[in-house]
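Please look through the chain shown here, beginning with a single acidic residue and its surroundings and moving from there to the core and the chain as a whole.

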Amino acid sequence: MPYSRRVLTYAIAVAAAATAGFVFPAGAAAAAPGTALSDFNGDGYADLAVGVPDGTVAGQAKAGYVNIVWGGKKGVGAHGSIRITQATAEVPGTPEAGDRFGASVALTDLNGDGIAELLAGAPGEDVTDRGTDAGLVTVVGGSKDGPGPGSSVLSGPAPSAAYGRSVAAADLTGGDNGGNKAIVVGGTDKVVARVIQGEDSMVTTIVTAPMGGRAPVLATGDFDGDSTADLAVAYWTAGNPSTQSHVRLFKWDPDRSEMANFWNTDNAGVSALAAGDFDGDGHDDLALGECREIADENIDDPCGPEKLAKGGGLHIHYGSDADGSFGTRAQTLNQDTAGVPGVAEDGDRFGAAVSADDYNADGVPDVTVGSPGENAALGAAWLLPRGAAAGSAAFSPRTLGLPYLSTAHKYGTPLNGR
């Protein structure tokens with residue numbers, strides 16, 4: 001049955017107006033702070049959320065679920081996992097065919113208790129009074145004893161709005177709201193943010209543009225070096241690529257109380273984004289997963305050398321240089337790059353999902369890369385730890401499995417929508 005407004009206790013209409021009453025689900029109140037924002041069970045190690053939106057739950061096709069893969073001393077993937085669905089007692093709602101719960105996922109500490117919450121998008125959720133496939137984003141509390149209480153964050157305002165195709169969270173406003181998180185949601189041709197301001201919140205639109213029916217891709221990181229998170233948004237439109245293919249960076253403008261665009265790269269189609277200090281210089285970098293040039297216009301080679309796009313790849317823009325600029329240094333790698341596992345083959349889609357965090361708590365961000373076309377389209381994902389030295393590519397892969405990935409890093413949450 002449709003997801004009713006009675007259950008949507010914390011949903012609010014899409015409007016740039018203050019609202020009250022939003023409460024984050026409680027984690028373990030006495031838990032010691034962990035070392036990573038994506039620590040869902042409070043053991044001090046980063047965990048990994050793996051969304052399986054096409055999974056069957058309780059006999060319902062494509063109801064979707066999320067696997068939380070535990071991190072630990074041996075890294076992520078060696079310590080077990082748990083499954084969370086809309087049939088989980090703490091999660092609101094009911095598994096229904098086509099909900100696609102887990103189409104986007106994020107782990108980040110929303111309430112500052114040292115334990116991460118799970119954000120999960122269900123873009124196929126039907127919402128009473130809003131229509132079919134309005135979409136829904138749910139937050140589920142973490143704790144040492146398993147999932148904590150869950151609640152609804154934001155639902156789409158109209159049929160086919162598909163809120164929850166992508167999702168991210170970070171403190172985007174800095175001192176403006178006391179360090180509370182903003183939750184960013186991607187839907188059909190739109191990106192909105194729910195900005196938490198003390199006990200109140202407001203929802204504001206960041207981007208409304210043709211996006212070709214695909215999800216906007218989201219990530220957060222401090223790309224301009226001001227110690228406050230920024231938002232990365234990627235989207236492209238089939239049939240009109242020269243004017244509607246963008247990777248854009250936004251930062252909070254306190255004078256206008258909105259996100260302002262400050263950096264772009266155009267003509268690039270991107271399936272995933274992830275942020276982290278990949279070269280160890282103290283500045284956040286941005287990885288463009290499965291980056292490919294949409295139109296053959298040779299506009300600054302937005303994804304690097306064409307030969308490195310075979311089978312997919314990662315195109316990395318590095319953080320602030322000495323002059324304070326972002327993205328002037330770049331690097332491209334694929335499965336033919338030394339140290340990267342496998343062989344570049346057409347259709348692998350290496351980089352279709354990308355995530356970054358310090359999974360083994362050694363102080364260096366690791367990169368997780370999904371390749372849904374690998375192994376005759378069975379899919380695979382690899383954990384690629386990187387050396388601390390700038391420019392190092394000391395990869396030591398661990399195979400993880402399914403390719404829909406997301407987690408948090410120092411400043412926020414890299415997200416991979418679908």
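Asp-39 sits in the loop that links strand S1 (18-20) to strand S2 (48-52), where strands are DSSP runs of E with at least two residues, numbered from the N terminus. This is a predicted model, in which local features need pLDDT of at least 70 and side-chain atom pairs count only at pLDDT 80 or more, while totals for chains, interfaces and linings use all residues. Residues are numbered from 1 along each chain as its sequence is written, and side-chain values use heavy atoms, with hydrogens and water left out.

Asp-39 is buried but has no salt bridge, and Lys-144, the nearest side chain of opposite charge, is 8.4 Å away. Buried means under 20% relative accessible area, with a 1.4 Å probe and protein chains only, and a salt bridge places a side-chain nitrogen of Lys or Arg within 4 Å of a carboxyl oxygen of Asp or Glu. The side chain of Asp-39 does reach the backbone nitrogen of Asp-43 at 3.2 Å, and one of its polar atoms lies 3.5 Å from the backbone nitrogen of Asn-41.

Elsewhere, the largest nonpolar core (buried Ala, Val, Leu, Ile, Met, Phe, Trp, Tyr and Cys residues joined through side-chain atoms within 4.5 Å) has 21 residues, and those with the most contacts inside it are Val-184, Val-191, Ile-206 and Val-207. Among the elements that give two or more residues to this core are strand S10 (182-187), strand S11 (190-197) and strand S12 (200-208).

Across the chain, the secondary structure comes to one helix and 27 strands, and buried residues make up 60% of the 418 residues.

Definitions and conventions
Helices (H or I, at least four residues) and strands (E, at least two) are DSSP runs, numbered from the N terminus. Buried means under 20% relative accessible area, exposed over 50%, partly exposed in between (1.4 Å probe, protein chains only). Lys and Arg count as positive and Asp and Glu as negative; His and the chain ends are not counted. A polar contact is a pair of N or O atoms within 3.5 Å; within protein, one must be able to donate a hydrogen and the other to accept it, and residues adjacent in sequence count only if both atoms are side-chain atoms.
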